[in-house]
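Work through the exercises below with the sequence and the structure open. Each task is followed by a solution in steps.

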Amino acid sequence: MKSKRKISKGTIPKILSYIGKYRILFALSLLMGAVSVCLTLYIPLLVGKAIDLIIGKDAVDFGKMTEILLLGIVCVVVATLSQWIMGVINNRITYNVVRDMRKDAFVKTEILPLSYIDTHPTGETVSRVISDADQFADGLLLGFSQFFTGVLTIVGTLFFMLTISPAITVIVVVLTPISLFVAAFIARKTHRMFTLRAATNAKQTAFIDESITSHNVITAFGLKDKKQQAFDEINREFEKYSIRAIFFSALTNPCTRFVNSIVYAAVVVVGALSVIGFGSGLDLFFSGITVGSLATLLSYANQYTKPFNEISGVFTELQNSLACAERIFELIDAKPEVADKENSVKVDTPSGDVVFKDVCFSYTPDKKLIQNLSLEVESGKKVAIVGPTGCGKTTLINLIMRFYDVSSGSVSIGYTDGSGNEKLSDIRDITRRSLRSCYGMVLQETWIKRGTIRDNILIGKPSATEEEIIAAAKASHAHSFIKRLPNGYDTLIGEDGGNLSQGQKQLLCITRVMLALPPMLILDEATSSIDTRTEMRIQDAFGKIMEGRTSFIVAHRLSTIRSADIILVMKDGNIIEKGNHDTLMALGGFYCELYNAGLAK
Amino acid sequence: MKKLISYLRDYKKETFVAPLFKLLEAGFELIVPLIVAMIIDDGIAKGDKPLIFRMSLVLLSLALIGWTCAVVAQYFAAKAAVGATAKIKADLFGKIMSLSFSETDTLGNSTMITRMTSDCALFQNAVNLFLRLFLRAPIIVFGAMIMAFTISVKAALVFVGVIPLLSLVVFGIMQITVPLYRKVQEKLDGLLGITRENLTGARVLRAFCREDEEIKQFSETNKSLSAMQVFVGKIAGLTNPLTFLLINTAIIVLIYVGALEVNSGSLTQGEVIALYNYMSQILVELIKLASLIVTVTKGYASAKRITAVLEMPSEVTEEKNCGKEVTSGKVEFRNVSLTYKNAGAPSLSNISFVANPGEIIGVIGGTGSGKSSVINLIPGFYPASEGSVEIDGTDISDYDPDTLRKSIGVVPQYAKLFRGTVRENMLCGNEDATDDEIWQALKDAQAYDFIMQKDGKLDYMIENGGKNLSGGQKQRLTVARALVRRPKILILDDSTSALDYKTDSLLRKAVADLDYKPTVFIVSQRASSVLNSDKTVVLEDGECVGYGSPAELLKNCDVYREIYRCQFPEQV
């Protein structure tokens with residue numbers, strides 16, 4: 001059970017602004033709702049009048065009755081039509097509003113700073129776009145279809161009842177709230193049980209998750225029985241709380257129904273007595289009731305309590321759906337990355353020079369990472385970044401690609417401008433797109449899109465021909481495994497790369513870069529899950545394209561680092577040593593230690 | 001499906017009592033219009049006030065009895081639904097745990113988790129509502145019809161006419177919309193996939209400037225989803241207006257027929273009101289039924305998915321009672337081939353080698369060359385498609401799997417620990433291990449130092465998924481867990497990848513020096529990891545291209561030489 005929290009003030013206006021686009025439809029829906037409710041309530045009145053005409057043997061006024069019943073038929077047909085039209089309109093508004101919100105949320109994910117994506121779990125953001133939007137739609141639809149008609153039904157019923165008998169109306173109005181109190185009372189009492197149940201449920205889900213993902217370990221160590229025992233224990237606990245929570249919350253319906261029955265009985269007895277006449281001063285208040293109007297009142301008494309129960313349900317649902325909407329808006333309103341400057345340069349022909357000047361950077365202000373890094377990488381040089389896991393090697397990549405902006409200092413790249421002049425510009429003065437197209441990047445975490453192998457390779461260069469694709473795949477040694485897949489390049493791959501091995505996925509990612517042949521390269525531990533042999537072949541291929549291209553390589557493998565022109569040795573987020581293999585070995589520092597450890601037998 | 005219903009058999013009393021009491025409740029509700037008719041015809045017409053008071057007391061007591069019946073029904077329905085689902089859950093858990101690797105590969109983790117959580121919840125909800133409400137609607141609908149017959153046969157014919165039409169509307173629309181809703185769900189899943197992909201691949205997408213294409217793809221799917229939702233909504237939204245139309249038309253016809261009957265003297269005014277009330281009751285019930293059917297359909301679909309898992313074959317089909325145990329740890333592969341389920345080509349073909357007790361065997365080869373497949377065959381995680389794997393001269397299929405695995409220590413590629421203390425995790429390896437034995441295993445696995453620094457040492461709590469440990473720490477603990485059982489055969493499946501070179505080599509040395517001399521299999525991509533092995537199996541594309549000591553391999557195995565040269569260029 002979701003804990004109730006305060007919905008921030010801005011949420012409802014924001015929702016309204018989305019609905020505003022459909023205001024004509026919305027007005028039409030309200031109109032249809034009003035028509036359908038009025039007619040729906042008018043029908044019992046007509047029926048009551050008709051019943052009054054049925055007095056007894058040979059005493060039925062068929063002429064008048066036919067008139068009333070024909071009017072009744074017209075009302076029924078019009079009410080049906082307006083009900084349906086209202087339903088269709090509500091549907092359309094709801095799903096279109098949700099579609100618009102989803103799209104805005106998704107578009108936002110494309111321009112969010114990487115820091116947002118890195119710090120918010122993927123599942124959470126996905127659930128904002130998908131399930132929160134879905135739940136919001138459910139709530140909105142329910143709100144549209146039941147809230148307005150519900151309120152109108154209550155008001156309308158009261159009005160019609162008043163026209164028949166003010167005194168009986170008072171009785172109904174006084175008695176009905178009891179059912180609301182009962183419902184609220186039960187909800188309050190069951191809340192604790194639902195909390196307990198939710199806590200046990202979370203515990204059980206975590207256990208299930210752990211056991212299923214560790215299925216191989218459980219099998220290998222023969223832990224099945226032990227795990228079953230532990231599961232049964234949690235399961236029994238969950239069963240206990242579930243029965244209680246479900247039973248007590250299921251009491252709401254019979255209890256409110258019981259209150260409704262009391263109201264009904266009260267209307268019957270008071271109504272019947274009024275028809276006969278109390279024979280006292282009371283008759284003044286309860287006069288003018290016929291058998292037919294008693295039937296109408298009874299039908300109202302039945303209907304009147306229904307919208308109350310519905311509306312209280314709608315309120316919980318709306319509360320929940322507002323919470324969902326708020327979560328979507330949190331995403332839609334998240335701060336996007338700083339837009340490109342208006343006069344940003346579009347770089348087409350980078351020279352390959354990359355210059356870091358006094359760069360300071362940290363993810364959080366209280367934990368300093370890179371401080372005063374200055375580095376000049378000349379065109380065509382190979383830069384290796386080394387250090388133990390978690391030392392901040394990927395941070396540099398984040399800065400080079402401008403996934404993150406430096407805190408102070410600058411990163412610049414060289415390029416030739418439109419008039420043929422060599423220039424060096426801060427990357428913050430260059431459009432992100434043109435900056436990123438200068439680099440070919442292969443990340444440690446391989447990323448494969450749902451689609452065919454070809455679709456995935458084409459991400460590198462959407463306009464590539466079949467020959468180019470195959471040539472790139474051959475160069476990255478991916479062709480031989482692709483060829484063996486059931487449908488070759490047209491083989492569909494599932495989410496997260498589905499049935500491809502980690503190494504195969506990596507080869508595909510490399511193929512993309514091979515196809516794009518960008519002027520500069522970034523390899524982020526790209527070869528970590530490929531065996532040394534395949535890696536060596538890929539290195540050969542990379543060696544070819546790296547010629548004349550500036551490359552940044554993050555790798556654990558010392559063999560690949562040895563040939564680098566510049567080695568940056570990182571530790572705890574800082575660059576502690578800088579130089580080539582020979583100078584660093586001669587230095588006898590951290591790099592030397594690392595290198596020797598690597599070859600220890 | 002039958003299988004799941006059989007779980008309700010343990011709740012015979014509850015599944016019988018719940019609908020019975022619902023039936024009683026409905027029955028009492030059906031009496032109400034008769035009482036009202038009596039009040040009108042006898043009380044009002046004859047001015048009999050005491051009768052009116054008596055009858056209203058009857059109405060109140062009917063309400064009270066109805067309430068009691070409902071409460072009893074709710075209780076037993078909840079008990080039966082929750083109880084049966086809990087049993088199903090327990091069995092489902094047991095079943096999943098006993099599935100073979102081939103089966104779990106096909107199912108996938110997220111599917112198994114969904115089966116155990118949301119599918120079970122949907123099923124429980126459906127059973128609960130079914131027991132409570134499913135009988136109620138037909139009882140009220142047909143009960144109202146029967147009551148109408150007792151009042152007036154002619155008027156009852158209106159009921160007979162309208163009920164089939166109503167069922168046609170309710171079930172017909174359901175028939176059309178249920179498959180459409182499934183399509184909506186599929187589209188929603190697709191949208192989820194795109195969103196998820198877009199976030200996990202944010203860096204790559206931005207690096208290749210693919211933002212616009214992604215937005216386009218999302219918008220298209222999003223648009224077709226909402227178009228589909230609007231379309232289904234249009235059809236589903238017909239149910240209520242159509243029911244309303246039918247019932248109200250029927251009421252008008254009923255009043256007219258009633259008027260004719262009253263005019264001819266065969267019916268009274270009060271009875272017409274009773275008939276009118278019965279018709280109104282049907283309307284209320286049908287609206288409830290429509291929403292119930294949606295829940296039950298969902299529950300039915302979940303039930304089918306749960307059943308599919310429950311009916312999968314377990315790994316052990318028959319009890320092996322040979323009681324044979326591993327004594328020496330000699331492992332022999334004889335012309336072994338392995339083709340995974342649903343795979344087009346074999347992953348291993350014709351592998352043969354012998355590992356003698358106490359030897360250290362390296363398994364080396366490229367990505368996808370079949371290294372993990374080879375070692376997964378030893379504890380019988382997958383059965384060999386051809387040939388045989390023998391331990392101590394006996395085919396492993398002749399061992400009881402649990403007995404066989406007791407003597408094997410497996411350290412999987414991905415380090416997985418359970419939520420619980422360090423000690424509890426270590427005891428997974430061997431329930432009877434003493435603290436001293438655990439400490440020794442931790443020392444050998446190079447985990448002693450960091451565990452000593454943790455609060456509570458062996459009582460240090462490991463979070464779900466080992467979140468509070470680093471990758472290297474987790475790997476060392478999984479090694480220790482395997483060592484605690486002092487296995488005859490120890491399998492290290494590339495399980496030290498997160499360790500730095502120094503720790504890795506210390507660990508390998510400790511393993512080589514173990515006093516109980518297990519047969520050790522070390523899987524690796526690095527030549528340095530298998531340099532100390534007695535023999536090494538070299539794999540390429542699922543075939544064994546070399547088997548021998550490192551020195552021999554260096555001499556006569558090209559693939560091995562190539563791997564070796566990558567790491568030690570100047571030595572070749």
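## Exercise 1. A strand and its two faces

In strand β3 of chain B, I360(B), G362(B) and I364(B) point one way, I361(B), V363(B) and G365(B) point the other way, and all are buried. The model is a predicted one.

**Task.** State how many residues of β3(B) are buried and what follows for the strand.

**Solution.**
1. In a regular strand the side chains alternate between the two faces of the sheet.
2. A residue is called buried when 20 or more other C-beta atoms lie within 10 Å of its own C-beta atom.
3. In β3(B), residues 360-365, 6 of the 6 residues are buried, so the strand is largely enclosed by the rest of the structure.

## Exercise 2. The sheet around β3(B)

**Task.** Give the strand order of the open sheet in chain B, and find which strands lie at its edges.

**Solution.**
1. The open sheet has 6 strands, in the order β6-β9-β10-β3-β11-β12 (chain B), with mixed pairing.
2. Its edge strands are β6 (408-411) and β12 (543-548) of chain B, each of which pairs on one side only.
3. From one strand to the next, the twist averages 15 degrees.
4. On one side, β3(B) pairs with β10 (residues 519-524) of chain B in the parallel sense over 5 bridges; here V363(B) stands opposite V523(B).
5. β3(B) also pairs with β11(B) in the parallel sense, over 5 bridges, and V363(B) stands opposite V537(B) there.
6. The pairing of β11 (residues 535-540) with β12(B) is antiparallel, over 5 bridges, and V538(B) has G546(B) as its bridge partner.
7. A helix belongs in the picture too: α17 (residues 471-484) of chain B lies across β6 and β9 (489-493) and runs at about 175 degrees to β6(B).

## Exercise 3. A hairpin

**Task.** Name the strands that pair with β4(B), and say which residue in the hairpin turn has a positive phi.

**Solution.**
1. β4 (residues 386-391) of chain B pairs with β1 (residues 331-338) of chain B in the antiparallel sense over 5 bridges. R334(B) is bridged to S388(B) in β4(B).
2. β4(B) is also joined by 2 bridges to β5 (residues 394-395) of chain B, and these two strands run antiparallel. E390(B) stands opposite D395(B).
3. β4(B) and β5(B) form a hairpin with 2 residues between them, and D392(B) in the turn has a positive phi of about 50 degrees.

## Exercise 4. Positive phi elsewhere in chain B

**Task.** Locate C209(B) and N350(B), and decide whether each is buried, partly exposed or exposed.

**Solution.**
1. Most residues other than glycine have a negative phi, and most peptide bonds are trans.
2. C209(B) has a positive phi of about 50 degrees although it is not a glycine. C209(B) sits in the loop between α8 (202-207) and α9 (211-236) of chain B.
3. N350(B) is not a glycine either, and its phi is near 55 degrees. N350(B) lies in strand β2 (residues 348-355) of chain B.
4. Residues count as partly exposed when their number of neighbours falls between the limits of 12 or fewer and 20 or more. C209(B) is partly exposed, with 15 other C-beta atoms within 10 Å. N350(B) is partly exposed, with 15 other C-beta atoms within 10 Å.

## Exercise 5. The contact between the chains

**Task.** Describe how α10(A) is placed against α3(B), and which classes of residue meet there.

**Solution.**
1. The axes of α10 (residues 252-276) of chain A and α3 (residues 49-98) of chain B come within 9 Å and cross at roughly 170 degrees.
2. That crossing angle makes α10(A) roughly antiparallel to α3(B).
3. Residues of α10(A) in the contact include F258(A), I262(A) and V269(A), and those of α3(B) include F53(B), L60(B) and W67(B).
4. By class, the contact of these helices has 17 nonpolar, 3 polar and 1 charged residues.
5. Over the whole contact, chain A gives 123 residues and chain B gives 124 residues. Helix α3 (residues 62-111) of chain A supplies the largest share of chain A's side, 24 residues.
6. The side of chain A that touches chain B has 64 nonpolar, 35 polar and 24 charged residues.

## Exercise 6. The overall form of chain B

**Task.** Is chain B compact or spread out, judged by its radius of gyration?

**Solution.**
1. Chain B has 20 helices and 12 strands.
2. Its radius of gyration is 36 Å, well over the 25 Å that the globule rule gives for 572 residues, so chain B is more spread out than a compact globule.
3. Along the principal axes, its C-alpha atoms fill a box of roughly 115 × 55 × 50 Å.
4. Of the 572 residues, 49% count as buried.

Note on methods:
Residues numbered from 1 in each chain as written. Chains lettered and ligands numbered in written order. Predicted model: local features only at pLDDT ≥ 70, side-chain atom pairs only at ≥ 80, totals over all residues. Axes fitted to C-alpha atoms, helices over the stretch in contact; angles between N-to-C directions. Helix = DSSP H or I, 4+ residues; strand = E, 2+ residues; numbered from the N terminus. Parallel < 35°, antiparallel > 145°, perpendicular 65-115°, else oblique. Contact = placed C-beta atoms within 7 Å. Nonpolar A, V, L, I, M, F, W, Y, C, P; charged D, E, K, R; others polar. Pairing = 2+ DSSP bridges. Rg over C-alpha atoms; globule rule 2.2 N^0.38 Å.
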